[in-house]
Amino acid sequence: MQASKKLTEKVTWVGKVDWELERFHGDELSTARGSSYNSYLIRDEKVVLIDTVWLPYDKEFVRNLKDEIDLNDIDYIIIQHAEIDHSGALPELMREIPDTPIYCTNNGKKIIQGHHHQEWNFVTVKTGDTLNIGESTLTFVEAPMLHWPDTMFTYMSGENILFSNDAFGQHYATETLYNDKADDCELFEEAIKYYANILTPFSALVKRKIEEVLALELPLNMICTSHGVIWRDNPAQIIEKYLEWADNYQENQITIVYDTMWNSTRLMAEAIAYGIQLEDPSVTVKVFNVAKQDKNDIVTEIFKSKAILAGSATINSRYLSGMGSLIEMIRGMKFKNKKAAVFGSYGWSGEGNKLLAQDFAGAGFEIVTDGYRTLWVPDNDELVACQGFGREFVRSL
Ligand code: FEO
């Protein structure tokens, strides 16, 4: 069955749209709109395959590729990143064409070997190395930690395409493939979620690498990512977004996250949100129960926020485990330039607040007030006091 899509005279998409993907990186990342594993076939005087697809789709990928081309006609394979969603179909493919050279970075070779334990015909490349394939030349640009040590980009002259692998991607399944065919709102929701959850820890490197690539002043017709849409209409727009996101991005937003046992901390959260709006109606306030709502969406909202308020009841001298899970996740994000305060209800000794403040400080947040505790269930006076705490928090920013 034909499954490929022709992008230009020379370049054909031969990837896999995964409509049913719900979790990625094991269970660490939610993918509410599926994803795609984009692989590209270039036909010039030489034939080149860029990246493959995730392991469960390896046979399907090779079968479809055979419908597109005699595998023996492939001169070079380029693997820009060894993670299994891109190198997963290599074993199935290399069974058919075992001697075909695989171009990758030196780290790529080690990591591909670490995953597949095969001595394939690796050709290692570094930034500035080129591969002449006929009318076009491919130029390699190492992009370590965008987002693995092995990651690289490939630029194709003539067609003016940047194959960017994970960078500029989104977990977003579309049949139409191009950014100008996608729902813009959905597309940018997924793009920022992807950046916030995957690339935030490496923001300094993202900024530096983009500036390095921009300095080359390469003409750019398309950015062909490895997930989600191909940026065809104004591809520079996603580069500009990445430069914004990589620069300690924040909007005029405060996110309130809480975990609650018997709703007391929830009532506090809602009263605090009300107080923030009373004090400064220009601030966007969003409220999430971390035990019930999607943690990756919450991380995205924290990424967009200038400050957060974190609340938890105290249980067994600690805070609740839903909050613990979120803190563990955001500790790795290395957020910068974000402020925080804590709140929560308690019944006995009430250590939760203090620990929460300590752990958010440990995750890089600046704790700006002492926080607010309520004994047992907040009555009306307590809820008014919570509103006041929200107002004071806004003033302290
Ligand atoms: Fe899409 Fe880092 O793999």
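This is a short tour around strand β23 and the elements beside it.

Before you click, remember that the model is predicted: local features need pLDDT of at least 70, side-chain atom pairs count only at pLDDT 80 or more, and totals for chains, interfaces and linings use all residues. Residues are numbered from 1 along each chain as its sequence is written, and side-chain values use heavy atoms, with hydrogens and water left out.

Start by selecting residues 339-346, strand β23. (Strands are DSSP runs of E with at least two residues, helices are runs of H or I with at least four, and both are numbered from the N terminus.) Because 7 of its 8 residues are buried, β23 is largely enclosed by the rest of the structure. Buried here means under 20% relative accessible area, with a 1.4 Å probe and protein chains only.

Now add the partners; two strands pair if DSSP finds at least two bridges between them.

- Residues 307-312: β20 runs parallel to β23, joined by 5 bridges. Look for A310 opposite V342.
- Residues 372-375: β25 is parallel to β23 too, with 4 bridges. Here Y372 faces F343.
- Residues 366-367: β24 pairs with β23 in the parallel sense over 2 bridges. I367 is the bridge partner of A340.

Next, select residues 352-362, helix α11. Its buried residues include L355, L356 and F360. After the helix comes G364, with a positive phi near 100 degrees.

Finally, show β23, α11 and β24 together: they make a right-handed β-α-β unit. Right-handed means that, with the strands pointing away from you, the path from the first strand over the helix to the second runs clockwise.

Terms used:
Buried means under 20% relative accessible area, exposed over 50%, partly exposed in between (1.4 Å probe, protein chains only).
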